[in-house]
Amino acid sequence: MLKKIKVEELVLGMYFAGFDDAAWMNHPFWKNKFLIKNPNELKQARASGIAYCWIDTAKGKDVVAPEEDEDGAPDEPAATAAAAAAPEPATPALDPALVDAQKLCETAKKATQAMFAEVRMGKVLDMERCVSVVEEIANSVLQNPNALVSVVRLKLADEYTYLHSVAVCALMVALGRTLGMDETSCREAGLGGFLHDIGKAFIPHDILNKPGKLTEEEFAIVRKHPELGHKYLSQDTNVPDYARDVCLHHHEKIDGNGYPENLRGATISLYARMAAICDVYDALTSERRYKHAWDPAEAISSMATWTGHFDRAMFLAFVKTLGIYPVGSIVKLESGRSGFVIRQNDKDLTRPVLKVFNYNNDRGVSDTEILDLLATPNADNIVARGGEEWARLSHLDAMQLLSTRALS
Ligand SMILES: [Fe+2]
Ligand SMILES: [Fe+2]
């Protein structure tokens, strides 16, 4: 039987069954469930700063029942223990890093909407506000590379224009970090990403949001956005050169077949080469009016086959940043179960940490356990990406799997 107790009540011989806190992503153990045999494990649990945890009393020691007073009423600690043993709350705990990322997404989306509206009205860009939004995005990514990147991917089709700028900004910062750039360069890359599609403010709304395939003429109009954006940014001396460059060249390809200038290889700037990768990844993995979002692992795997499009070394750094199975991907396991990727294992990108889940048509998803494929090499293996689970998982289901701790 699962029982919730204070972390300080843990003793040797208890069967630890998880922390009762959204901080599970940062908890100190490789394993999520185990018999506590080592005093160091107790020390680590207490040093985690997490208040409550779960134990399985069928598999290990229970808490010692406290003595009753003369009224037969339990004393203070027992009352606490009894309350703690109450049924699990209906609403699972949310990971605070992801809650913060959601809030930041919302703020950044509003700022981007306002920016696009001002650009459409012919106003000068509020660079101070852009820099401050990028600053917040960069701080979030540099602190926790996965949270914002994972949350911003789960955008709805009609939020795409605005959250795409936020997503590319976040991905640029994360990639810059992998490439060993200093914080200033990461922020510069982020600003380039944030402004890269500003030229879309000059493209008619009905073309940008057309639900179906674009005609040749419409596509030619959309392809003007890098030059339109560059022209607009060039009117403002406050916009740094590198941001103008990313805006003009993020659709160039390494083999010279991109647009608008057919640049090739290293003649394309570093930030623009980074933007080309981040831009395509976010476009593929986002829900659009004319297509469903791709599974992130599917997108990585497909982009890896596009010869001539991306800077190869940079693409490999991008894969190192997000993983072969980025957070939010769904994998099919050898056992037949499905897993939702919640964390990378840097030592082996082929064995991430998963939430094994079930899909129920009436109730959506329910997660059953956290499975660290690297820590438990014999537990299971990934045999395929995505699969039918990807098609039926809603944004809400994905957000739930992403942001709630596993209960089992
Ligand atoms: Fe673009
Ligand atoms: Fe873009």
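Which residues of helix α16 are buried? Keep that one in mind as you open the viewer, and remember that what you're looking at is a predicted model.

**Stop 1: helix α16**

Select residues 395-403, which make up α16. The buried ones are Ala398, Gln400, Leu401, Leu402 and Ser403. Now bring up what lies over them: the cover includes helices α3 and α5, along with the strands β6 (338-343), β7 (353-360) and β8 (364-372). Those strands are a good place to go next.

**Stop 2: the sheet under α16**

Colour the open sheet of 5 strands, and you can read its order as β8-β7-β6-β5-β9. The pairing is antiparallel. At the edges sit β8 and β9 (382-385), each pairing on one side only. Going from one strand to the next, the twist averages 40°. Helix α16 packs on this sheet, where it touches β6, β7 and β8. The direction of α16 makes about 35° with that of β8.

Zoom in on the pairs. Strands β6 and β7 run antiparallel over 5 bridges. Two of the bridge partners to pick out are Leu354 in β7, which goes with Val341, and Lys355 in β7, which goes with Phe340. Stay on Lys355 and look towards β8: its bridge partner there is Ile370. In total, 8 bridges join β7 to β8, and these two strands are antiparallel as well. As a reminder of what holds such neighbours together, strands of a sheet pair through backbone hydrogen bonds.

**Stop 3: Arg153 in α5**

One of the elements covering α16 was α5, so select residues 147-153 and go to Arg153. Is Arg153 buried or exposed? It is buried, because 25 other C-beta atoms lie within 10 Å, and 20 or more is what it takes. Show its contacts beyond the neighbours within four places in sequence, and you get Ala167, Thr285, Ser286 and Gly328. For a link across the chain, draw a line from the C-alpha atom of Arg153 to that of Leu284: they are 131 residues apart along the chain but separated by 9.9 Å.

**Stop 4: α3 against α6**

Another element covering α16 was α3. Select residues 96-120 for α3 and residues 160-178 for α6. How do they cross? Their axes come within 9 Å and cross at roughly 115°. The crossing is right-handed. On the α3 side, show Cys105, Ala108, Lys109, Thr112, Gln113 and Phe116; on the α6 side, show Thr161, Tyr162, Leu163, Ser165 and Val166. By class, this contact has 6 nonpolar, 4 polar and 1 charged residues.

**Stop 5: from α6 to α7**

Keep α6 on screen and add α7, residues 183-195. The axes of these two helices are 7 Å apart, and the packing angle is about 155°. That angle is over 145°, so α6 and α7 are roughly antiparallel to each other. Here too, α6 passes α7 in a right-handed crossing.

For the residues that meet, select these:

- In α6: Ser165, Val168, Cys169, Leu171, Met172, Val173, Gly176 and Arg177.
- In α7: Ser185, Cys186, Ala189, Gly190, Gly192, Gly193 and Phe194.

Sorted by class, the contact of α6 with α7 has 8 nonpolar, 6 polar and 1 charged residues. You may recognise Ser165, which is listed in the contact with α3 and in the contact with α7.

**Stop 6: a loop with two oddities**

Move to the loop between α11 (241-249) and α12 (270-285), where you'll find Pro260. Most residues other than glycine have a negative phi, and most peptide bonds are trans. Yet a cis peptide bond joins Tyr259 and Pro260, with omega about 10°. In that loop you can also click on Asn262. Asn262 isn't a glycine, but its phi is positive, at about 50°. Asn262 counts as exposed, because it has 12 C-beta neighbours inside 10 Å.

**Stop 7: the other open sheet**

Finish with an open sheet of 4 strands, in the order β1-β4-β2-β3. Pairing in this sheet is antiparallel. Its edge strands are β1 (2-6) and β3 (34-35), each of which pairs on one side only. Select β1 together with β4, residues 52-56, and look for the 5 bridges of their antiparallel pairing. One spot to check is Lys4, which stands opposite Trp54 in β4.

Definitions and conventions
Residues numbered from 1 in each chain as written. Chains lettered and ligands numbered in written order. Predicted model: local features only at pLDDT ≥ 70, side-chain atom pairs only at ≥ 80, totals over all residues. Axes fitted to C-alpha atoms, helices over the stretch in contact; angles between N-to-C directions. Left-handed = near helix turned anticlockwise from the far one by under 90°. Contact = placed C-beta atoms within 7 Å. Nonpolar A, V, L, I, M, F, W, Y, C, P; charged D, E, K, R; others polar. Parallel < 35°, antiparallel > 145°, perpendicular 65-115°, else oblique. Pairing = 2+ DSSP bridges.
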